[in-house]
Structures are given as structure tokens and as C-alpha cells.
Amino acid sequence: MLSRYAMMGLVLVAVLLASTAAADWPTIGFAIKGGAHWVEDPRATGRAVEPCWELEIESPAFWGGHLTVVGGFNGTNLDNERDRQTWSEGDVSYDRRERFEYGLNGGRLGVRLWPWVEGDMRPYATIGGGYYQYEQETRAVTTATWLEPQTEKMVTQVTDSTRHTRYDEGFYPFVGVGAEMAVGDYSSLTGQAHVLIEAQYAWDADFHGADLGGWSVVAGVRFRW
């Protein structure tokens with residue numbers, strides 16, 4: 001069976017293809033965004049500013065250039081922890097280093113309104129819904145060392161493993177407002193570059209008294225072809 005991410009990707013592609021076929025303005029967009037998310041961590045008290053990212057695909061505009069369909073993937077890094085353990089079993093010595101990363105990951109799909117089609121600075125508003133996962137990624141690197149009797153040499157064996165633990169998941173609505181401005185000239189390879197800034201608010205589910213949504217502010221670059 002397909003994973004939730006795979007299903008979301010197929011739905012996103014289908015919606016963007018359908019909107020492209022019905023579009024009046026042939027300008028598809030791809031944006032890379034990064035910024036800060038004011039979010040609550042379930043393992044802490046109160047909100048904190050954490051780094052966040054988003055990759056977004058935007059359909060060509062229709063309805064006279066005033067409406068587009070957008071979708072993509074986003075995430076927030078909540079915390080990183082490290083741990084080290086050493087022990088011995090018989091003639092074998094072990095050294096384990098672990099890294100724990102807590103974060104939010106998911107995807108979004110929405111509709112974007114462009115009030116003014118032309119102009120150097122173009123504002124926009126977005127409304128839609130998303131899917132989130134609150135999860136922990138654990139990477140453990142274990143090094144085993146022992147003396148090989150036959151060769152009388154030290155032998156080292158390294159085991160590297162990664163495990164994902166999902167604590168919560170769900171769907172939520174979001175809204176956003178932003179603006180973009182074209183920079184540079186058009187290129188057949190990268191299209192027309194636009195710098196952007198955007199503020200978003202998401203209503204995420206309450207998880208053990210923590211609000212996984214909240215405000216986020218991102219900036220980035222959008223390429224249009």
C-alpha cells in the first residue's frame with residue numbers, strides 16, 4: 001500500500017495537472033522557503049522559535065491570472081539531542097553514539113489569490129489544508145572493538161541504524177499572506193526568479209497540551225517558467 005506521503009504526492013500532481021490544463025497564464029512556479037516557526041514543543045513548556053522549511057509547487061494562474069493552486073512539503077525542526085554509552089561484554093568493547101531529532105513534517109495543498117496580476121511587487125493570500133506528523137528520528141552508530149586471537153590484531157565493526165518513531169499525526173487548516181518581487185532576467189534554465197516573504201498561521205491539533213501549529217514567517221526564492 002502507498003504511504004500517506006505518496007498518496008499526497010499523487011493527489012498534488014493530479015490537481016496541478018488539472019489546473020494547468022485549464023490555465024490561462026502559462027507560468028508554473030517552484031519555491032524554496034526557509035524561516036522561523038513559533039511553536040510549542042510537547043517536551044517543553046511555552047513556545048519557542050524553531051527553524052522551518054518548505055518546498056512548494058504552484059500551478060499556472062487561471063481566472064484572469066488571479067488564482068493558482070499550490071502544494072508542497074514542509075517541516076519544522078524542534079530539537080536535537082545526543083547521547084553516548086560505552087560498555088564491555090567479554091572481550092568486546094562497545095561505543096554507541098545516538099542522535100535524537102524531534103520535528104514536524106508533512107504536506108500542504110491550497111488555493112492562492114493574486115489581487116493584482118501585474119506590478120513589480122505582487123501580494124497574495126493563501127488558504128488550504130495540510131497533513132502533519134510529529135516524529136522522532138533516532139540514529140545510532142555502534143562501534144564494537146575486540147582483539148582477534150588468530151591475527152593478534154584489533155578488529156573494529158561499525159553498525160549504523162536509523163529509526164523513525166511517530167507520536168502524533170493529523171490534518172489542519174492554514175492561511176497565509178505574502179508578496180513576491182521579480183529579480184534578474186528570464187532564463188530558459190531557471191526561468192524568472194522572484195524573492196518572496198510570507199507569513200502563515202496553522203491550526204494544528206493539541207498534542208499533550210502543546211499547540212503544534214502557530215505563526216511562521218518564511219522567505220525564499222520562487223522560480224517561474
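**Pockets, salt bridges and strands**

Let's start with a pocket. The lining of the largest pocket splits evenly by number: 6 nonpolar residues, 6 polar and 6 charged. One caution before we go on. This is a predicted model.

How much space lies in the largest pocket? About 320 Å³. There are 18 residues lining the largest pocket. Closest to its centre are V117, R122, E180, H194 and R224. Which strand gives the largest share of that lining? Strand 6, residues 153–187, with 3 residues.

Now the second largest pocket. About 160 Å³ of space lies there. Its lining has 13 residues, and E101, Y102, G103, N105 and E135 are the closest to the centre. Three elements give two or more residues each: strand 3, strand 4 (92–113) and strand 5 (121–148). Strand 4 gives the most, with 5 residues. And the kinds of residue? In the second largest pocket they divide into 3 nonpolar, 7 polar and 3 charged.

Next, salt bridges. How many are there? The count comes to 19 salt bridges. I'll pick out three pairs.

Pair one is K33 with E198. Their closest N and O atoms are 2.8 Å apart. K33 sits in strand 1, residues 29–40, and E198 sits in strand 7, residues 191–202, so this salt bridge ties together parts that are 165 residues apart in sequence. Are these two buried or exposed? K33 has 3% relative accessibility, so K33 counts as buried. E198 has 4%, so E198 counts as buried too. The cut-off for buried is under 20%.

Pair two is R43 with D41. Here the closest N and O atoms are 2.8 Å apart. R43 is partly exposed, at 36% relative accessible area. D41 is at 10%, and that counts as buried.

Pair three is R47 with D211. The N to O distance in this salt bridge is 2.7 Å. Which parts of the chain does the pair link? R47 is in strand 2 (residues 47–58) and D211 is in strand 9 (residues 210–211), and the two are 164 residues apart. R47 is partly exposed at 28%. D211 has 19% relative accessibility, which is under the 20% limit, so D211 counts as buried.

Some salt bridges share partners. Those shared partners join K33, E54, E56, E58, R112, R122, E180, E198, R222 and R224 into one network. Look at R122, E180 and R224 in that network. You have met these three already, among the residues closest to the centre of the largest pocket. K33 and E198, from pair one, are in the network as well.

Last topic: how the strands pair. Strand 1 and strand 2 run antiparallel, and 12 bridges join them. One example is W38, whose bridge partner in strand 2 is V49. The two strands form a hairpin, with 6 residues between them. Which residue in the turn has a positive phi? G46, at about 85°.

Strand 2 also pairs with strand 3, residues 67–89. These two run antiparallel, with 7 bridges between them. E56 stands opposite G72 in strand 3. E56 is also one of the residues in the salt-bridge network.

One general point to keep in mind as you look at the strands. In a regular strand, side chains alternate between the two faces of the sheet.

To finish, go back to the pockets on your screen. Find H194 by the centre of the largest one. Then find Y102 by the centre of the second largest.

How values were computed: Residues numbered from 1 in each chain as written. Predicted model: local features only at pLDDT ≥ 70, side-chain atom pairs only at ≥ 80, totals over all residues. Heavy atoms only, no water. Salt bridge = Lys/Arg side-chain N within 4 Å of Asp/Glu carboxyl O. Helix = DSSP H or I, 4+ residues; strand = E, 2+ residues; numbered from the N terminus. Buried < 20%, exposed > 50% of the residue type's maximum accessible area, 1.4 Å probe, protein only. Pairing = 2+ DSSP bridges. 1 Å grid on protein atoms, 1.4 Å probe; cavity = no way out; pocket = protein on both sides within 12 Å on 5 of 7 lines; lining within 4 Å. Points joined across faces, edges and corners; volume = space filled by probe spheres on them. Nonpolar A, V, L, I, M, F, W, Y, C, P; charged D, E, K, R; others polar.
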